[in-house]
Amino acid sequence: MKKYAGKGVYGAIAIGRISVFKRQDVQVKRIKIENTDEELSRLEAAKERASAQLRIIYEKALKEVGEANAQIFDIHMMMLEDEDYNDAITEMIRGQNVNAEYAVAATSDNFAEMFSSMEDSYMQARAADVRDISNRLIACLNGSEKESRLSSEKVIICADDLAPSETVALDKDKVLAFVTAFGSSNSHTAILARNMNIPAIIGLGDSFLTEIKDGAFAIADGFTGTFITEPDDKTLSEYRKKQQAEEEKKKLLQELKGKENITLDGRTIDIFANIGSADNIGAVLVNDAGGIGLFRSEFLYLENSNYPTEEEQFAVYKRVLESMAPKKVIIRTLDIGADKQVDYFHLEKEENPAMGLRAIRLCLSRPEIFRVQLRALYRASVYGRLGIMFPMITSGAELNEILALCDKVKKELDSENIGYSQSIELGIMIETPAAAMISDRLAPMVDFFSVGTNDLTQYTLACDRQNPHVERFCDTHHEAILRLIEMSAKNAHENGAWIGICGELAADTTLTKSFLRMGIDELSVSPSFVLKVRDAVRKTDLSK
Ligand code: PEP
Ligand code: MG
């Protein structure tokens, strides 16, 4: 028995035999050719074949993982037609009298290198795509297109890394899990694995591939990222039990996928999901959330060792919006401070950090940081349906200051001829008692409220959410909190705004009926709780 530690990118357990994914090495020789026209028509024919293959893969992906995720193959089709890419290949064939395979391989290297050296992480990731389409084109040129080499038994696919097209081309019904030596959780392949509901582990390291044996028995635990080869009986039976328990849980809730969030007496509510990273989109889609109700953007800052640039942020927001479109995505601006500390902000030590310079206070005190985030958000807004939400609001004056900064950013973008959506919704978190108390004044200034019950509870009950000693005094069902939520809901609706709840209380199904009664329009919960809350809504009867 041998254990390997990697990163789980889709939580589920697979037990079965290993199939080592062998890529046919694309060995390309440089051959001098006489007739360049003939070579160019060979290239044209191969391009047509590659394009037809990509169309089939796109259709397959569309069915299996949805439009947003299938788009990568649409992009591959476009890349195949890209003028610069094609001109470079053609010029090399004509200018150097070389075979088409060599011209494609050389162009692929040049383009991949160019993408890799770009600062923007989204563009860097395109290097893998250009290699992927080039290898396909070469295979079409030399007739080495691969057939699926999977046996009829379901297997755990182990590979160095998998290109998106390789992932989708595999017969989903024959794959138990994807396990790779390299790969990043941001790659399209990881996203595809998640959306195919296939357990996946990445980053097991170099040695793993040399040590594993084709056909050996293994366990892939996508929850913990543990990969075990040739497990002993005790380990195997432990994992079989775990797997069974997971399956039962899932099965029960799966029946609710695609169903409406509707009470027995016909009232509907939106159930959205909370995420901390673009990596969570898979879970959002798998659990059939109606949108994203809270993207905690500060995690972008927490994961970095320096301020994420406008380009870096733009790439992430764009990806989230595109993956979710046409569903709504609410991105909360930076909520740093208190328990979420970042060294490079060099914040002074505070006596009471929860009541200190955090969230919107920090953004208004350092508008240059805020401006970068707002620009990235506005620029990304054209890729989907965006809502921007501001945390820790306590007054109308703060909100006026924020709205003025938004206008300034819009003007800047106008002057640079950069487009942004005209239908971005702007909203605020109701997470201080002050905001709830003046919600009648704040509602006309925004499109929506989202109640942050985690902070609303700590500030209302004067109970530090980080302090375990006051936990028993921290009654999340306290009447004061429920009254503040109800008051905010009434004020929102009387002033044309909608209201959601995105704190942990939203997933508390003992309160679902009360929230529905208050007229809450949206509950945003962890992806894995979406179906549980849907279940509660569907069992509620407001007439009783
Ligand atoms: C909240 O306070 O309820 C909330 C959703 O925000 P966070 O937990 O990130 O402070
Ligand atoms: Mg909060």
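## The second largest pocket

How much space lies in the second largest pocket? The answer is about 1,100 Å³. Keep in mind that this is a predicted model.

Which residues line this pocket? Its lining has 41 of them. Nearest the pocket's centre lie Tyr10, Gly11, Ala12, Phe223 and Lys250. Sorted by class, the lining holds 17 nonpolar, 13 polar and 11 charged residues.

## Elements around the pocket

Several helices and strands build the lining. Four strands and two helices can be followed along the chain, and each supplies at least two residues: strand 2 (7-10), strand 3 (13-20), strand 5 (175-180), helix 9 (233-254), strand 9 (270-275) and helix 10 (281-286).

Which element gives the most to the lining? Helix 9 does, with 8 residues. Helix 9 spans residues 233-254.

## Ligand 1 and its shell

Now turn to the ligand. Ligand 1 is surrounded by 15 residues. The closest are Arg296, Arg332, Gly452, Asn454 and Arg465. By class, this shell has 3 nonpolar, 4 polar and 8 charged residues.

Three pairs of atoms show how the protein meets the oxygen atoms of ligand 1. Arg332 places a polar side-chain atom 2.8 Å from a ligand oxygen. Arg465 also uses its side chain: one of its N or O atoms is 2.8 Å from an oxygen atom of ligand 1. Asn454 takes part through its backbone, where a polar atom sits 2.7 Å from an oxygen atom of the ligand.

How much of ligand 1 does the protein bury? On its own, the ligand exposes 290 Å². The protein buries 99% of that area. Two elements give two or more residues to the shell: strand 10 (291-296) and helix 18 (453-461). Helix 18 provides the largest share, 3 residues.

## The cavities

How many cavities of 30 Å³ or more does the structure hold? There are 2. The second largest has a volume of about 30 Å³.

Seven names make up the lining of that second largest cavity: Asn274, Gly503, Glu504, Ala507, Ser524, Val525 and Ser526. By class, 2 are nonpolar, 4 are polar and 1 is charged.

Note on methods:
Residues are numbered from 1 along each chain as its sequence is written. Chains are lettered from A and ligands numbered from 1 in the order in which they are written. This is a predicted model: local features need pLDDT of at least 70, side-chain atom pairs count only at pLDDT 80 or more; totals for chains, interfaces and linings use all residues. Side-chain values use heavy atoms; hydrogens and water are left out. On a 1 Å grid over the protein atoms alone, a cavity is a set of points where a 1.4 Å probe fits but cannot get out, and a pocket is an open set with protein on both sides within 12 Å along at least five of seven lines; lining residues have an atom within 4 Å of a point. Grid points are joined across faces, edges and corners, and a volume is the space filled by probe spheres set on the points. Ala, Val, Leu, Ile, Met, Phe, Trp, Tyr, Cys and Pro count as nonpolar, Asp, Glu, Lys and Arg as charged, and the others, Gly among them, as polar. A residue is near a molecule or strand if one of its heavy atoms lies within 4 Å of it. A polar contact is a pair of N or O atoms within 3.5 Å; within protein, one must be able to donate a hydrogen and the other to accept it, and residues adjacent in sequence count only if both atoms are side-chain atoms. Accessible areas come from the Shrake-Rupley method with a 1.4 Å probe; for residues, only the protein chains shown count as cover.
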